[in-house]
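Please open the structure in a viewer and keep the selection tool at hand. The tour below moves from the whole chain to its parts, one selection at a time.

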Amino acid sequence: MSTHTPSTRTERDPLFGGNAGMGSEYLEVRGLSVTFDGFKAVQDVDLTLLQGDLRFLIGPNGAGKTTVIDAITGLVPATGKVNKSGTQLLGRKTHQIARSGVGRTFQTASVFEELTVLQNLDIAAGAGRSPWTMLRRRPGVEPRIAEVLDTIGLASLAEVRAGILAHGQKQWLEIGMLLVGNADVLLLDEPVAGMSKEEREQTGQLLRRIGAERTVVVVEHDMDFMRQFATSVTVLARGRVIAEGSVAEVQADPRVQEVYLGTTAAAEYTAEIGGA
Ligand SMILES: Nc1ncnc2c1ncn2[C@@H]1O[C@H](COP(=O)(O)OP(=O)(O)OP(=O)(O)O)[C@@H](O)[C@H]1O
C-alpha cells in the first residue's frame with residue numbers, strides 16, 4: 001500500500017501492483033545470478049515489475065542492488081532470464097537493450113555539460129533514429145521534446161548549458177533523456193542522493209508523473225523518500241531477495257529488520273523507517 005496522502009493522488013499515479021491487465025507492459029526477471037570471480041553478488045533473483053508500479057529496491061551496502069540493474073541492462077554478464085513484455089533481454093548487447101526501451105541512470109548524472117538542456121534531449125531523442133529521420137527534422141522544439149521538458153520541469157531552462165544546472169536538475173535532465181529515447185522501463189540508481197529536501201520532493205513527484213505509464217525501479221538508501229513514494233518494495237541482502245511487498249509489509253518483516261541493519265539495530269531501523 002502506498003503512503004501517498006489521498007489528497008495528492010491522481011488517477012494517473014502509480015499504484016501497488018501496477019496496472020496488471022490487458023496491454024500492460026512488464027519486466028519479468030527470473031533466476032538472475034551474477035558471479036564476480038567466484039563471488040555470488042546476485043543469486044537467483046526474481047522480480048516481476050508491472051507498468052504503473054513504482055518499485056523501490058532497497059538493501060544494505062553491497063546487497064547487489066546496482067548489480068541487478070547492471071545485469072538487466074547488459075553491463076555485466078548474468079545467468080537467468082529477463083523478459084521485457086515478451087522480449088528476452090539477457091545476452092543482448094547494452095545498446096540493443098537500451099533500444100528495446102530499458103533506460104537507466106547512474107549514481108552520478110551523465111549529461112553533456114557543454115551542451116544546452118535542449119541539445120542534450122535532442123541527442124538522446126536522436127539516438128534511436130535513422131540519419132534520414134534526423135535530416136528530415138523540422139527546426140524548432142519538437143512537441144515530444146517540449147512535453148518532456150515540461151514533465152521534468154526544465155522548460156524555462158531549455159537553452160541553459162547543462163553544466164550550470166543544479167545537482168537535482170541534472171538528474172531530472174538525465175531522466176528526460178531516457179524519456180525522449182522512449183524508455184518505458186526506467187532503472188534509477190539512487191536518484192536523490194545528494195539532493196536537497198525540496199529537490200527530493202520534486203523528484204518524487206516527477207517519478208509519480210512518469211511512473212503511472214511506465215515501469216520504474218528506484219535503487220535507494222533514503223528511507224524517508226522510499227516511504228513517501230514507493231508503491232512497492234523489494235529488499236535485497238547478500239545478493240538475494242529477502243522480502244517484497246508494500247512499504248508497510250516490508251517494514252514489519254522481521255527478516256528485513258534483522259538482515260537490513262542487523263539484529264541489534266533492528267529496533268532503530270523500525271523507528272527509522274516508521275514502523276510501530
Ligand atoms: N565489477 C565488480 N567486480 C567484483 N565485485 C563487484 C563488482 N561490482 C560489484 N561487486 C561486488 O558485488 C557486491 C554487490 O555490489 P553492488 O554495488 O551491486 O551492491 P549495492 O547493493 O548496489 O551496494 P550500495 O548500496 O553500496 O551501492 C558487492 O560486494 C560489490 O563489492
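**The whole chain.** Begin with the protein chain in cartoon view, which shows 11 helices and 10 strands. Please bear in mind that this is a predicted model. The chain has 276 residues, and 42% of them count as buried. Among the contacts in the protein chain with a separation of 6 or more, 67% are made by residues 24 or more positions apart.

**The open sheet.** Next, select the six strands that form an open sheet, in the order S6-S7-S8-S3-S9-S10. Their pairing is mixed. At the edges stand strand S6 (102-105) and strand S10 (240-245); each has a single partner strand, so one side of each is left without a neighbour in the sheet. From one strand to the next, the twist averages 20°.

**A pair of strands within the sheet.** Now restrict the selection to strand S3 (residues 54-58) and strand S9 (residues 232-237), which pair in the parallel sense over four bridges. Which residue in S9 is the bridge partner of phenylalanine 56? Label valine 233 to find this partner.

**The helix on the sheet.** Add H1 to the view: this helix packs on the sheet and touches S3, S6, strand S7 (185-189), strand S8 (215-219) and S9. The direction of H1 makes about 145° with that of S7.

**The ligand and its shell.** Keep helix H1 (residues 65-72) selected and display the ligand, since the tour now turns to the residues around it. Which helix gives the most to the shell around the ligand? Helix H1 does, with three residues. The residues around the ligand are Phe36, Ala41, Gly59, Asn61, Gly62, Ala63, Gly64, Lys65, Thr66 and Thr67. Colouring this shell by class gives three nonpolar residues, six polar residues and one charged residue.

**Two crossing helices.** Finally, select helix H3 (residues 117-126) and helix H6 (residues 167-180), whose axes come within 8 Å and cross at roughly 35°. Is the crossing of H3 and H6 left-handed or right-handed? The crossing is right-handed. To view the contact itself, show the side chains of Val117, Asn120, Leu121, Ala124 and Ala125 in H3, which meet Leu173, Gly176, Met177 and Val180 in H6. By class, this contact of H3 with H6 has seven nonpolar residues, two polar residues and no charged residues.

Note on methods
Residues are numbered from 1 along each chain as its sequence is written. This is a predicted model: local features need pLDDT of at least 70, side-chain atom pairs count only at pLDDT 80 or more; totals for chains, interfaces and linings use all residues. A residue is near a molecule or strand if its C-beta atom, placed from the backbone, lies within 6 Å of it. Ala, Val, Leu, Ile, Met, Phe, Trp, Tyr, Cys and Pro count as nonpolar, Asp, Glu, Lys and Arg as charged, and the others, Gly among them, as polar. A residue is buried if 20 or more other C-beta atoms lie within 10 Å of its own, exposed if 12 or fewer, and partly exposed in between; C-beta atoms are placed from the backbone. Two residues are in contact if their C-beta atoms, placed from the backbone, lie within 7 Å. Axes are lines fitted to C-alpha atoms, for helices over the stretch in contact, and angles run from 0 to 180 degrees between N-to-C directions. A crossing is left-handed if the near helix is turned anticlockwise from the far one by less than a right angle, and right-handed if clockwise. Two strands pair if DSSP finds at least two bridges between them.
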